[in-house]
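User: I'm new to reading protein models and would like to know how the words used for them are justified. Could you take me through this one?

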Amino acid sequence: MTIALQQKPIDILQKIFGYKSFRGQQAEIIEHIINGKDALILMPTGGGKSLCYQIPALCLEGIVVVISPLIALMQDQVDALKQLGIKASALNSSLSSGEASSVEELMLSGKLDIVYVSPERLNTERFLDLLTRCRLTLFAIDEAHCVSQWGHDFRPEYTEFSKLKEKFPDIPRIALTATADDLTRQDIIKNLRLENGKVFSSSFDRPNIRYLVTPKDNEKKQLLNFIETEHKGDSGIVYCISRNKVEQIAEWLKKQGYNALPYHAGLNNKIRQKNQDYFIKNDGVIMVATIAFGMGIDKPDVRFVAHMDLPKSIESYYQETGRAGRDGLPSNAWMVYGTEDIVKLRQFIYSSNANTEHKRIEHQKLDSLIGFAETMKCRRRVLLEYFGEKTENKPCNNCDTCLEPVTGFDATVAIQKALSCIYRTGQRFGAAHIIDILMGKENEKIKGFNHNKLSTFGIGQEYSKFQWKSIFRQIIAVGFVNVDMEDYGALKLTPDSNKILRGQEKIFLRNETIKEKSSKTKRTEPNKRSSFSAPAAEDLFQKLRALRLSLAKGQNVPPYVIFHDSALIDMIIAMPKNLSELGKISGVGQSKLERYGEEFLKAIKEHLYTNH
Ligand code: ADP
Ligand code: ZN
């Protein structure tokens with residue numbers, strides 16, 4: 001299909017992409033680019049950054065050069081654009097020299113709208129020279145935070161892009177990233193020479209993601225319960241802290257009948273690649289992984305991200321959970337955590353080789369994350385405020401603390417009992433033993449140390465073990481007691497402990513028992529992808545998914561480049577009878593309508609016959 005040039009952006013959006021209207025600042029950004037101006041575009045994951053350069057590529061004559069650091073991602077983008085009938089190619093080290101030359105031919109003869117290149121290639125004299133002989137429209141530098149030494153994905157090749165301004169003074173340049181912090185932003189502007197560009201910055205909120213954080217209490221059972229009630233048949237990622245745990249949880253989920261795969265740096269490259277490919281190209285796969293997994297995963301229909309352990313900072317948490325719900329449909333970010341997580345992470349920091357200053361920063365970052373986990377406030381607000389965004393003082397109604405508000409309880413006396421017990425046992429024991437003493441357990445260890453003779457033995461029977469664990473987790477989290485790494489994790493009193501023992505302060509903690517009970521009687525509606533209450537509708541959804549999968553397999557592309565889940569869901573709601581009705585559905589553009597329209601209509605018709 002030939003793309004008509006000089007079309008209006010809105011017409012391209014509707015005809016080629018099949019979307020009704022622009023989102024957020026897209027229209028404004030596109031107009032700015034078409035007018036030949038530079039820009040820095042800050043938008044959260046899933047915000048719709050790619051359209052900002054893809055649409056100008058179709059409006060203007062010439063090639064848009066997109067610089068992207070991840071080869072796997074380039075290929076996905078090119079596959080998705082080809083499905084739309086757009087002339088796109090990628091140039092990177094995965095091509096043979098013959099393949100690369102034919103892409104270069106296309107560039108020279110003006111037969112490409114978009115070319116994706118790796119940073120390494122862009123920096124070669126040979127390629128820059130080739131570019132001078134092409135008709136260029138725009139340079140789009142994706143994942144622009146890679147230019148910053150302070151960020152997480154620093155790529156030295158990015159620092160060389162400043163020369164684009166000198167070599168191609170008339171070609172506009174835009175930088176795009178989902179990393180918001182101010183230091184990175186300044187680095188991008190300085191190193192990419194975007195001083196004259198406009199900064200487009202949108203809120204980093206991900207309204208379709210529901211944040212859920214729960215204390216650990218049999219984590220496997222909790223995970224299973226979560227997946228069974230909210231995510232049967234969905235794609236998801238389960239993050240674990242260690243390779244060992246990844247293997248265990250993946251194996252266990254498989255035994256429970258789920259299509260789960262492991263991913264961690266200890267697996268050989270081939271297996272990792274294979275598992276990743278399987279996850280991307282199939283529906284309903286659960287990837288159990290360490291943080292080695294996720295970079296460059298653009299799968300839009302990841303319905304949940306589960307954390308079995310605490311990440312090391314809010315930045316990591318936000319990046320990892322951000323992989324859920326790129327397509328804008330309801331998704332869950334679910335996490336369980338307990339005292340042992342806090343202890344383990346403190347231990348990591350303590351025993352690392354970093355210098356004191358670095359360790360101090362890492363402890364601070366961990367503290368912020370623990371603060372987020374322990375908060376009684378709206379979680380979304382805590383996250384956004386951490387990134388420096390101003391928020392309105394009202395509940396988001398899409399996080400656990402908004403949906404099931406946590407009450408505080410006056411825990412002063414309970415904490416005093418815990419602290420005296422730590423004191424009386426010589427500050428040499430961990431939380432589990434202290435809890436046993438408080439609850440008056442006559443086990444071997446207690447008898448062996450004569451701890452059943454202590455005045456604090458059995459003074460805490462008004463609380464359950466679950467409650468005591470919750471109290472200890474919280475007092476460790478806020479620093480009323482320290483976990484001493486040099487003494488095998490023994491609990492030690494701190495200056496704060498003394499204030500509480502002397503009764504100078506009233507302390508309120510999260511009352512997790514009330515929450516535990518109320519969640520049994522008053523369960524919040526699960527946050528499902530699509531709650532088709534009618535079984536027939538769910539059945540049709542599965543049929544359309546199967547059709548999509550077989551079409552995708554035939555071309556060796558991910559199913560979502562054919563249609564997103566949201567388009568399938570809209571088909572079920574609208575039940576189109578002909579091509580023109582089908583074409584009205586969001587995500588069904590001209591090219592997809594021509595290629596797949598008849599087959600999807602047929603599936604819908606057949607379904608109607610069998611259900612009448
Ligand atoms: P980002 O690169 O910012 O993470 P993408 O550009 O991949 O996000 O867009 C996320 C998803 O939203 C994509 O599937 C894209 O097709 C879709 N999308 C983008 N803009 C619109 C729009 N105006 N209307 C509907 N869907 C859109
Ligand atoms: Zn909230």
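Analyst: Gladly! Among contacts in the protein between residues at least 6 apart in sequence, 73% join residues at least 24 apart; a contact here means heavy atoms within 4.5 Å. This is a predicted model, where local features need pLDDT of at least 70 and side-chain atom pairs count only at pLDDT 80 or more, while totals for chains, interfaces and linings use all residues. Residues are numbered from 1 along each chain as its sequence is written, chains are lettered from A and ligands numbered from 1 in the order in which they are written, and side-chain values use heavy atoms, with hydrogens and water left out.

User: How do you know whether the radius of gyration agrees with a compact globule?

Analyst: Take the rule first: 2.2 Å times the number of residues to the power 0.38, with the radius computed over C-alpha atoms. For 612 residues that gives a value near 25 Å, and the protein has 27 Å, so the two agree. Along the principal axes, the C-alpha atoms fill a box of roughly 90 × 65 × 50 Å.

User: What makes a stretch count as a helix or a strand, and how many are there in the protein?

Analyst: Both are DSSP runs, numbered from the N terminus: a helix is H or I over at least four residues, a strand is E over at least two. The protein has 27 helices and 17 strands.

User: Why is V382 called buried?

Analyst: Buried means under 20% relative accessible area (exposed is over 50%, partly exposed is in between, with a 1.4 Å probe and protein chains only). V382 has 17%, so it counts as buried. V382 sits in helix α16, residues 379-386. Leaving out residues up to four places away in sequence, V382 touches F372, T375 and K377.

User: What makes α16 mostly covered?

Analyst: Six of its eight residues are buried, namely R379, R380, R381, V382, L383 and L384. The cover over them includes α13 (314-321), α15 (356-374) and β8 (209-215). Just after α16 comes G388, with a positive phi of about 85 degrees.

User: Is N123 buried or exposed, and how do you know?

Analyst: With a relative accessible area of 13%, N123 falls under the cut-off, and therefore it is buried. N123 lies in the loop between α6 (119-122) and α7 (125-132). Setting aside neighbours within four places in sequence, N123 is in contact with L128, E157, E160, F161 and K163.

User: How do you know that the reach of α4 is close to the expected one?

Analyst: The expected span is 1.5 Å times one less than the number of residues. Helix α4 (residues 71-83) has 13 residues, for which 18 Å is expected, and it reaches 19 Å from its first C-alpha to its last. Its buried residues include L73, M74, V78 and L81. Among the elements covering them are α3 (49-59), β3 (88-91) and α27 (590-610).

User: Which residues of α25 are buried, and what covers them?

Analyst: In α25 (residues 565-574), the buried ones are D565, A567, L568, I569, M571 and I572. Their cover includes β12 (302-307), α24, α26 (579-582) and α27. M575 follows α25 and has a positive phi, near 45 degrees.

User: How much of the whole protein is buried?

Analyst: By that cut-off, buried residues make up 54% of the 612.
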